[in-house]
Amino acid sequence: MAEGNGARLRLNPYNDWVEREGLIVHEGLACDLLTAETKFWPRLGVNGAAVHLRGRGDFSNLFLIDIPPGKSTEPIRHLYEEVVYVVEGRGSTQIEFADGRTHSFEWQPRSMFAIPLNAKYRLHNGDGKNRAILGTVTSMPLMMKIFHNDSFIFENTHFFEDRIGKDTHYNGSGDLTMIRPGSNIWETNFVPDLGSIELHTWNERGAGSSNLMFILADSNMHAHVSQIQAGTYKKAHRHGAGRHVFTVTGKGYSLLWYEGEAEWERVDWRPGVVFPPVENQFHQHFVTSQEPSRYMAAGTSNQRYPLTEAARVNSGTDAAQGAVARSVKDGGGQIEYEDQDPRIHALWLEEMHKNGVTPQFDKYETAPKVLTAAG
Ligand SMILES: [Fe+2]
């Protein structure tokens, strides 16, 4: 909105665009994509909504795409990048490049894919009886704030030939680069099932914890998957905004707080729920299901193309630079188990009891005595 004696100041071209599109906007700390309201979105030709959560930051957003049974999205291309996660439903994606080359793949719940920049694509719901629900984290806010011009974003004919990538990146395969725990990278465009892709141990983030980072479509979008073992929880940490966390398998809860706060905010999660931890808010994830839980986090800025100098330093390949898994006592962003507020473990024990889950920290050598003794 303009203000200041009619001067056009403090504009947010992205929010103005969302209004022009006529999208429903969901706000708050978290959103359940399986129950959130959608309505017809003419640009896509299916139902949708914008999801503007408190921790989204300045560069990222989330669109909810709701494709009715048997329907398809209109062909679309755009100058923003996106990571698409399939919450519910089965279907396919067809991608067509300016030189006529095409790629297609079939998705199901827990699939993730990325569309190469400005490639034309359609999403098809292949199920004649059930809707498909997809959550897509995009860099649209960043791009619209820079260009504030709809036709430049949606009708640009530039062919980013260097973004096509290998054929194998569209058939469920990819390329693994092992660097260090927490920084092992799978490069691809399409992951058929985030619930079954092989992860690699990252005990520094929690007992039995494992992880895989992604580079998708050579974009600057971040995505990673982490697994928390049943009967355990991760260590608290904090970092920049915009990492939208989707539950892939299992269920649990997260606590969020700013340094020095006596009370937490709490998000209970299960498949369908998304929340981005707020900038510099400590957050800690706890599993309450009998089985391990996986989550996927997506936002802008990744290890290949960090958007800021701080992100470049924090994604360094030298373990000493990885601040997300280094104790706050050593200048990092993580609270070690032995340094956490004792009420956190007490609450978790109550949750274990309530859910009939046996604490499992004693299975992991890396768990400190303070947890195994109490558990
Ligand atoms: Fe985090």
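# Chat notes: loops, a sheet and helix H1

Trainee: Serine 301: buried or exposed?

Mentor: Buried, because its relative accessibility is 8%. The cut-off for buried is under 20%. Keep in mind that this is a predicted model.

Trainee: Where is serine 301?

Mentor: In a loop. Strand S24 (293–300) comes before the loop, and helix H4 (309–314) follows.

Trainee: And what about the phi of serine 301?

Mentor: Positive, about 80°, and serine 301 is not a glycine. Most residues other than glycine have a negative phi.

Trainee: Asparagine 280, then. What is its phi?

Mentor: Near 65°. That is again a positive value in a residue other than glycine.

Trainee: Which strands flank asparagine 280?

Mentor: Strand S22 (273–275) and strand S23 (282–287), with asparagine 280 in the loop between them.

Trainee: How does asparagine 280 count for exposure?

Mentor: Partly exposed, because its relative accessibility is 40%. Partly exposed runs between 20% and 50%.

Trainee: New topic: sheets. In what order do S7, S8 and S10 sit?

Mentor: S8-S7-S10. These three strands make an open sheet with antiparallel pairing. The edges are strand S8 (102–107) and strand S10 (120–125), each pairing on one side only. From one strand to the next, the twist averages 15°.

Trainee: How many bridges join S7 to S8?

Mentor: Six. S7 covers residues 91–96 and runs antiparallel to S8.

Trainee: What stands opposite glycine 91?

Mentor: Tryptophan 107, in S8.

Trainee: On to H1. Which of its residues are buried?

Mentor: H1 spans residues 13–21, and its buried residues are Pro13, Tyr14, Trp17, Val18 and Glu21.

Trainee: Why do those buried residues count as being on the same side of H1?

Mentor: Because they cover an arc of only 145° around the axis.

Trainee: What exposed residues does the face turned away carry?

Mentor: Glu19 and Arg20. Both are on the face of H1 turned away from its buried side.

Trainee: What do the buried residues of H1 pack against?

Mentor: Strands and helices. The strands are S1 (25–28), S3 (39–41), S4 (46–53) and S5 (61–67). The helices are H2 (140–147) and H3 (150–154).

Trainee: Last one. Which glycine comes just after H1, and what is its phi?

Mentor: Glycine 22. Its phi is positive, about 75°.

Terms used:
Residues are numbered from 1 along each chain as its sequence is written. This is a predicted model: local features need pLDDT of at least 70, side-chain atom pairs count only at pLDDT 80 or more; totals for chains, interfaces and linings use all residues. Side-chain values use heavy atoms; hydrogens and water are left out. Helices (H or I, at least four residues) and strands (E, at least two) are DSSP runs, numbered from the N terminus. Buried means under 20% relative accessible area, exposed over 50%, partly exposed in between (1.4 Å probe, protein chains only). Two strands pair if DSSP finds at least two bridges between them. Axes are lines fitted to C-alpha atoms, for helices over the stretch in contact, and angles run from 0 to 180 degrees between N-to-C directions. The arc is that of the directions from the helix axis to the C-beta atoms. Contact means heavy atoms within 4.5 Å.
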